[in-house]
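Here's a quick briefing on a single protein model, going from overall fold to a few local details. Have the viewer open while you read.

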Amino acid sequence: AKQAIYQYKFGRNIDGADYFANHMVKCFVEKFPDITIDCVVSVPRNKRKKNIHSFDHAGLLAKRVAKKMSLPYKRLLIKQRNNKVQHELSALERFENVRHAYKALSNSYKNILLVDDIKTTGATLDECARMLMLAGTENVYCLTAVISA
C-alpha cells in the first residue's frame, strides 16, 4: 500500500485516486456507520510542492471521497507557511514543524471528514483538526489512504 500511494503521489498516477477513495469510503462506512458527516476537507499543500508534483494529491483524494459519499468538498483550511518536509523529521519534530502552519476558515459545519494521503505520526492531521475546531467545527474525523510506521 505504501508503494502504491507513493506511485500515486510522486509518480503522478492520478488513476490511483479512485482506487484509494473507494477503499477509504468503504472502510469509513463499515467502521463508523452511525456518524453523520457534513462536508469533506483535505489537508492543504503548500503552493511550492503543488507545483513540483503538478497536482494536489490529498485534495484529489478528498474530492473523490466526497463524491462517493455524496457530500460537499470544501476548502476550509489554508497553508499559512511553508514548513520543513515532514518525512525528514522525528516524531516530536513533526508536531513542532506543523504548529501554526495551517489556518481554518470560520465555518458552520458540525462534523467534518478530514482527508490526507498518509498518516505517520498524525501531527499534520492533529494540527489541521485543532484549527478546524478552533474555527467552530464540533467534530473532526480523519481518513487516510495509508497508515505508515
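Helices (H or I, at least four residues) and strands (E, at least two) are DSSP runs here, numbered from the N terminus. On that count the protein has six helices and five strands, and from the N terminus on they run α-α-β-α-α-β-α-β-β-α-β. Bear in mind that this is a predicted model, where local features need pLDDT of at least 70 and side-chain atom pairs count only at pLDDT 80 or more, while totals for chains, interfaces and linings use all residues. Residues are numbered from 1 along each chain as its sequence is written, and side-chain values use heavy atoms, with hydrogens and water left out.

**Overall shape**

- The radius of gyration (taken over C-alpha atoms) is 14 Å, which agrees with the value near 15 Å for a compact globule of 149 residues; that rule is 2.2 Å times the number of residues to the power 0.38.
- The C-alpha trace spans about 40 × 35 × 25 Å along its principal axes.
- Of the 149 residues, 46% count as buried; buried means under 20% relative accessible area, exposed over 50%, and partly exposed in between, using a 1.4 Å probe and protein chains only.
- Take contacts (heavy atoms within 4.5 Å) between residues at least 6 apart in sequence: 76% of them join residues at least 24 apart.

**The β4-α6-β5 unit**

- Strands β4 (residues 111-119) and β5 (residues 139-147) pair in the parallel sense over eight bridges; pairing takes at least two DSSP bridges between two strands.
- One of the bridge partners is Val140 in β5, which sits opposite Ile112.
- With helix α6 (residues 123-134) added, β4 and β5 make a right-handed β-α-β unit: with the strands pointing away from the viewer, the path from the first strand over the helix to the second runs clockwise.
- α6 has twelve residues and reaches 17 Å from first C-alpha to last, close to the expected 16 Å, where the expected span is 1.5 Å times one less than the number of residues.
- Buried residues of α6 include Ala123, Leu125, Cys128 and Leu132, and their cover includes β2 (77-79), α5 (91-98), β3 (102-104), β4 and β5.
- Just after α6, Gly136 takes a positive phi of about 120 degrees.

**Cores**

- A nonpolar core is a set of buried Ala, Val, Leu, Ile, Met, Phe, Trp, Tyr and Cys residues joined through side-chain atoms within 4.5 Å.
- In the largest one, with 23 residues, Tyr8, Met24, Leu61, Val65, Leu113, Val115 and Leu143 touch the most other members.
- α1 (2-10), α2 (16-31), α4 (57-68), β4 and β5 each supply at least two residues of this core, and α2 gives the most, with six.
- Leaving aside residues up to four places away in sequence, Val65 touches Ala21, Met24, Val25, Leu113, Val115 and Leu143.
- A second, separate core of 19 residues includes Val43, Leu76, Ala101 and Cys128.

**Residues worth a click**

- Asp117 lies in β4 and is buried, at 3% relative accessible area.
- Beyond residues up to four places away in sequence, the contacts of Asp117 include Lys9, His57 and Thr144.
- Ser70, in the loop between α4 and β2, has a positive phi of about 55 degrees although it is not a glycine; at 68% relative accessibility, Ser70 counts as exposed.
- His100, in the loop between α5 and β3, has a positive phi of about 65 degrees and is not a glycine either; at 47% relative accessibility, His100 counts as partly exposed.
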